[in-house]
Amino acid sequence: MGPKRKSDKKLTSPKKQQRDLPTCAGYLISCDVPTKQYISYLNELKPVDKKFILEDLDSTHLLIKRKSRDEIERKVEAWMDDNVFSAVERVGENLDMS
């Protein structure tokens with residue numbers, strides 16, 4: 001056996017060593033911090049075998065299971081609809097009714 005060439009070495013990142021995921025394992029979600037916290041909350045409500053977050057990448061990115069995408073999208077949209085207030089809803093709040 002001769003000396004090793006650079007091409008003989010296998011380079012793997014620390015994250016790659018922790019978990020080998022197939023390339024089609026899931027979806028990358030990019031969102032604001034409050035939405036990510038809500039998605040993480042939804043994940044915590046699930047039993048261990050039903051959790052959908054594969055990787056928590058940073059403060060605004062998650063890798064989730066493919067089959068959970070539609071459920072998460074529905075729940076986040078409903079949550080956002082419940083928490084959005086428009087100027088029309090506040091019309092007349094300062095009216096004097098005396």
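This is a chat between a student and a tutor about the predicted model shown above.

Student: Before we start, what kind of model is this, and how are residues numbered?
Tutor: It's a predicted model, so local features need pLDDT of at least 70 and side-chain atom pairs count only at pLDDT 80 or more, while totals for chains, interfaces and linings use all residues. Residues are numbered from 1 along each chain as its sequence is written, and side-chain values use heavy atoms, with hydrogens and water left out.

Student: OK, how many helices and strands does the protein chain have?
Tutor: There are 3 helices and 3 strands. Helices (H or I, at least four residues) and strands (E, at least two) are DSSP runs, numbered from the N terminus. Going from the N terminus, the order is α-β-α-β-β-α.

Student: Which strands pair up with E3?
Tutor: Strand E2 (residues 53-58) pairs with strand E3 (residues 61-65) in the antiparallel sense, over 4 bridges. Strand E1 (residues 26-30) also pairs with E3 in the antiparallel sense, over 5 bridges. Two strands count as paired if DSSP finds at least two bridges between them.

Student: What sits between E2 and E3?
Tutor: Just a link of 2 residues, and the two strands form a hairpin.

Student: Can you give me some partners to look for in E3?
Tutor: Sure. Glu 55 stands opposite Leu 63, and Gly 26 has Lys 65 as its bridge partner.

Student: Switching topic: how many aromatic pairs are there?
Tutor: The count is 2. The rule is that rings of Phe, Tyr and Trp (its six-membered ring) pair if their centres lie within 6.5 Å; planes under 30 degrees apart are stacked, over 60 edge-to-face, and the rest tilted. Tyr 38 and Tyr 41 make a tilted pair, 6.2 Å centre to centre with 35° between the planes.

Student: Where are Tyr 38 and Tyr 41 in the chain?
Tutor: Both are in helix H2 (residues 33-45), and because they are 3 residues apart there, about one helical turn separates them. Tyr 38 is buried at 16% relative accessibility, whereas Tyr 41 is partly exposed at 46%. For those words, buried is under 20% relative accessible area, exposed is over 50%, and partly exposed is in between (1.4 Å probe, protein chains only).

Student: And which residue does Tyr 38 stack with?
Tutor: Trp 79: those two rings are 4.5 Å apart centre to centre, with 5° between the planes. The pair links distant parts of the chain, since Tyr 38 is in helix H2 and Trp 79 is in helix H3 (residues 69-82), 41 residues apart. Trp 79 is partly exposed, at 24% relative accessibility. Through these ring pairs, Tyr 38, Tyr 41 and Trp 79 are linked into a cluster.

Student: Which residues make up the largest nonpolar core?
Tutor: There are 10 of them: Ile 29, Cys 31, Tyr 38, Ile 39, Leu 42, Phe 52, Leu 62, Ile 64, Ile 72 and Val 76. A nonpolar core means a set of buried Ala, Val, Leu, Ile, Met, Phe, Trp, Tyr and Cys residues joined through side-chain atoms within 4.5 Å. H2, E3 and H3 are the elements that give two or more residues to this core, and H2 has the largest share, with 3.

Student: Let's pick Ile 39. Is that one buried or exposed?
Tutor: Buried, at 2% relative accessibility. Ile 39 lies in helix H2.

Student: What does Ile 39 touch?
Tutor: Not counting residues up to four places away in sequence, Ile 39 touches Ile 29, Cys 31, Phe 52, Ile 53, Leu 62, Ile 72 and Val 76. Contact here means heavy atoms within 4.5 Å. Ile 39 and Phe 52 are 13 residues apart in sequence and 9.6 Å apart in space, C-alpha to C-alpha.

Student: Last one: how much of the protein chain is buried?
Tutor: Buried residues make up 17% of the 98 residues.
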